[in-house]
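Please look at the model below with its strands and helices in mind. The report that follows takes up two of its regions in turn.

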Amino acid sequence: MVKAVRTLRVRPSLPAELEPLADLAANFRWSWDAPTREVFQWADKQLWEDVGNNPAALLGGLSRERMAELVADKAFRSQLAEVRADLERYLTQPRWAQAQDPAPPAVAYFSAEFGITEVMQVYSGGLGILAGDHLKAASDLGLELVGIGLLYRHGYFRQHLDADGWQREQYPDLNPYDLPLTRLEDESGERLLVEVDLAGRTVAAQIWKADGGRVPRLLRDTAIGANHPDDRVVTDRLYGGDSEHRLRQEIVLGIGGVRALAEAQRIGAVTIEPSLFHANEGHAGFLQFERILRYVRDGSAHDAPSALDFDQAVECARASVLFTTHTPVPAGIDRFDRGLIERYFASYAEQVGVSLGQVLQIGREPSDDAGAVYNMAMMGLRLSAGANGVSQLHGHVSREMFADLWPGVEASEVPIHAITNGVHASTWIGSEMAAVFDRVLPPDWSHNPDSWSLASRITDDQIWRARNRSRERLVQTVRIRAREQAVRRGEPLGALGWTDTLLDPDALTIGFARRFATYKRGTLLLTQPERLKALLTSVDRPVQFVFSGKAHPRDDGGKGLIRELVHFSNDPEVRGRLVFLEDYDMRIARTLVAGCDVWLNNPRRPHEASGTSGEKAVLNGALHASVLDGWWDEMYEPANGASAENGFAIGGRTQNPDPVQQDAADAAALFELLEHSIVPAFYDRTDGPLPRRWLARVRASLTTLGPKVLASRMVQDYTRQLYTPIAQRAARLTADGGARALELAAWRGHLATGWPDVRIETIELDHAVGFIGDAREVIVDVNLGQVSPEDVAVQIVHGPIGADGTILHPSVVSLAHDGSGDVHQRYRATIELDVSGEYGLAARVVPTHPDLRSWADTGLVTWAS
């Protein structure tokens, strides 16, 4: 094979009348704007399908004859002009963010993957899809935001199953010149590069810009000839390679991402000046190393008057960073061997003027005295001003999981918040239900949660017609893809008649599609095969299942689950009622969430951080049947006198410590739910030809869940609860050359030195017995040592106590300073007794400072012994 030694880019040559097509193709808004996609389809329907709905490839493939026909087609040109004008309005008119006071901050959003469209598969699953939906919702809301990521030249793998049902991976070649991307160039016309140090070797990365509505993304890859061959493959595959390969990718993502943003700003390709940096998972954590280095080197990031020392730089840099964790289990966190970090960051330690041990300390796990591993989540938490989980339950789990980072702090007070994930409506709602919403809801229903208050007006007829059409579309898609899969696995063409009758467009259809990891229990239904077969083979009330999803390439356990499902689906007794679709991607996902009547989710609680696929399904009129985990734990509502149940809960919140027993209990609960609730409700036609009870649940689901599961609600929550307060605090700390940040860094150092001498000496309670409504005075004497009374708060934690002496439902009261000696301080407070029974109290001393977001941020607390 002959390789090119020089390349040039040939752009499509369009007549002037069709130039708006190029503008539309250059902005990824086409991936979620139906009228734009319709224009491309109109241009050449067959070609649009052949190029996989890629507008850049479409324009490159349009024949001159077809372009001449389009120029002569007045209706096409009129529609093209309207869609182009709509894009201009979308990009320029004020939106939600422009109406906020104070104005939301500008944000740089770092993520290892972005799921914008299946045309560019630089995503693997939930994390990337969430990041893509976040950017789309930010664009819809008019938020100033820029995405920072990587461009993987082989993307994520394509999945094919062999004759035995075992997953095989194929990595496609992703040519950025075939995509709607712009390679950034400097003033001389040369490609814009950023460089990073990878264990003593300088590696360059080029920068690609992808506009998505109002939000640009900057993606980098190292596949350039100037790099050493080993370095050209740093950005080859998403989550590919070994631990060192992952570390190298994350350095390019974080350190290289900050540098790429600066270069894009310098040439005017990006005009956003972020005042907040959002690290989406620990993969992006090294962005802070670059920002710290810039403060140490010249203080330039916020006009500090001179270079800062390391501690001062950390205080300035962390003030404007939000860290989001997505994993509820320690095994899901990136952890690197100490030796790797030493090799890749020894020179960095020299540059910032500290020992390598101090750099390693940032990622040390509290229980790892030897510092054998570097934990990216610990780094993210230590170097951020705020942190959050992605559902309320996940926030609770995260506070407990990371509590060791704040010794002495009660898990409930660990400073990790929670913003529940949402999904981008325009991306995920099928055309059938979208038409219903267009008729009933206000025009801004796709991104305005308030619009969903009218969802109760949707009629049974409207829902049922849309659901039937969506199910029919799903069945046709499954038949086509099943036939393709069978051919690929070598089945003879004459034996493929079964694919023509695969699934029933009128039967209850249940979907399960997600990453196949063991904790998600994709084969839970197979634990009781006879009950499952009875459901699948029922003549009067048939049930059918569609499964899809990929296992991680190195997860043989997940691959084994897929093979089990495939083997079961090949049983002649049930063939045609249960199917596994290969190569799950966004396109398959859109068809599945639109066409299924029930979306099934049965992970081991509480291992599902959020699980947004079910949110996409409920927006399409499906009902969610799930273990009470992730987002469902907080949004499930049982039936009450005024409203029907808004979905189905599998089991309860109590968990058996034996996972085998818990799996058995959940399987039994799932079959009980299917046999006695879900199936009877779907097929209940006692009130006429429509399943009225079922549709009442669907309406309750749309009404109660619609406004809650929107990505726009999620981004609004981020803006109000985290972006704005963090950015406002950062502005205060970094004003005037970072004076307050420097003072806060010095205060932290002084406090850490003096805190070991702080102790509570006595607690006095005026009476040991009381009645409900009584008040009791508490006096606490404290020895503060060298710590000033202005730097602490003394608090009483009180409430009824359980049998083990633990305070239940504690209340916190701060005591007033009431006199002092040299180091001894007295504090007083009055507490009210509001319940009967045994009552308890505890006393503690905590730091206080006007520039702390939370006293727990310091990790310092002294309790009375």
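Strands, as the word is used here, are DSSP runs of at least two residues, numbered from the N terminus, and two of them count as paired if DSSP finds at least two bridges between them. The model is a predicted one.

We begin with a hairpin. Strand E6, residues 193-198, pairs with strand E7, residues 201-212, in the antiparallel sense over 6 bridges, and within this pairing valine 196 stands opposite valine 203 of E7. Between the two strands of the hairpin there are 2 residues, and alanine 199 takes a positive phi near 55°. In a regular strand the side chains alternate between the two faces of the sheet. Strand E6 has a covered face with Val194, Val196 and Leu198, whereas Leu193, Glu195 and Asp197 belong to its uncovered face.

A second region is an open sheet of 6 strands in the order E17-E16-E15-E18-E19-E20, with parallel pairing. Strand E17 (578-581) and strand E20 (648-650) stand at the edges with a single partner strand each, so one side of each is left without a neighbour in the sheet. On average, and with direction ignored, neighbouring strands of this sheet are turned by 20° against each other. Strand E16, residues 543-548, pairs with E17 over 4 bridges in the parallel sense, and the bridge partner of valine 546 in E17 is valine 579.

Two helices that meet these strands are set out here.

| Helix | Strands it touches or lies across | Angle |
|---|---|---|
| H20 (residues 556-569) | touches E16 and E17 | about 140° with E17 |
| H21 (residues 586-595) | lies across E15, E16, E17 and E18 | about 155° to E16 |

Technical notes. Residues numbered from 1 in each chain as written. Predicted model: local features only at pLDDT ≥ 70, side-chain atom pairs only at ≥ 80, totals over all residues. Heavy atoms only, no water. Axes fitted to C-alpha atoms, helices over the stretch in contact; angles between N-to-C directions. Contact = heavy atoms within 4.5 Å. Buried < 20%, exposed > 50% of the residue type's maximum accessible area, 1.4 Å probe, protein only.
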